[in-house]
Amino acid sequence: MAKTPPPASIESTAIPLRKRPSAERNGETWEVELLEAMLAFRKGDFTTRLPDGWTGVRGKVADAFNEVVGMSERRSREASRVSRVVGKE
């Protein structure tokens, strides 16, 4: 069974998480906010994070997501640094 991509409207109209109120205050579900964060991360936006205030399973998902984004950001910076050093030598 082929997976269908998310509707274009979600990806094209997404407002960066750091520039908008929490999804819960807007009446959106936390899954929508998670999807938007994942789409931003897939595009290479390492500044996107999920809220720290979520509790329960949502909080654990948010913590894990934020940790993965942070690790990826550090890995990207280190790869850039190594590239510069090797390029000079």
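In the predicted model, the side chains of arginine 49 and glutamate 73 form a salt bridge, with an N to O distance of 3.5 Å. This pair connects distant parts of the chain, the two residues being 24 residues apart. Arginine 49 belongs to the loop between helix H2 (30-42) and H3, whereas glutamate 73 is placed in helix H3. Arginine 49 counts as partly exposed because its relative accessibility is 31%, and glutamate 73, at 23%, is likewise classed as partly exposed.

Three salt bridges are present in the structure. Glutamate 73 also pairs with arginine 77, the side chains meeting at 3.7 Å, N to O. Both of these residues lie in helix H3, where four residues, about one turn of the helix, set them apart. A further salt bridge joins glutamate 78 to arginine 81, whose closest N and O atoms are 2.6 Å apart. Glutamate 78 and arginine 81 are three residues apart in helix H3, and are therefore separated by about one helical turn. Glutamate 78 has a relative accessibility of 39% and so counts as partly exposed; for arginine 81, a value of 39% leads to the assignment partly exposed. Through salt bridges that share partners, Arg49, Glu73 and Arg77 are joined into one network.

Arginine 49 is also among the residues touched by asparagine 66, which contacts Arg49, Leu50 and Asp52 when residues up to four places away in sequence are not counted. Asparagine 66 is located in helix H3, which spans residues 56-88. With a relative accessibility of 11%, asparagine 66 counts as buried, because buried residues are those under 20%.

Methods
Residues numbered from 1 in each chain as written. Predicted model: local features only at pLDDT ≥ 70, side-chain atom pairs only at ≥ 80, totals over all residues. Heavy atoms only, no water. Buried < 20%, exposed > 50% of the residue type's maximum accessible area, 1.4 Å probe, protein only. Contact = heavy atoms within 4.5 Å. Salt bridge = Lys/Arg side-chain N within 4 Å of Asp/Glu carboxyl O.
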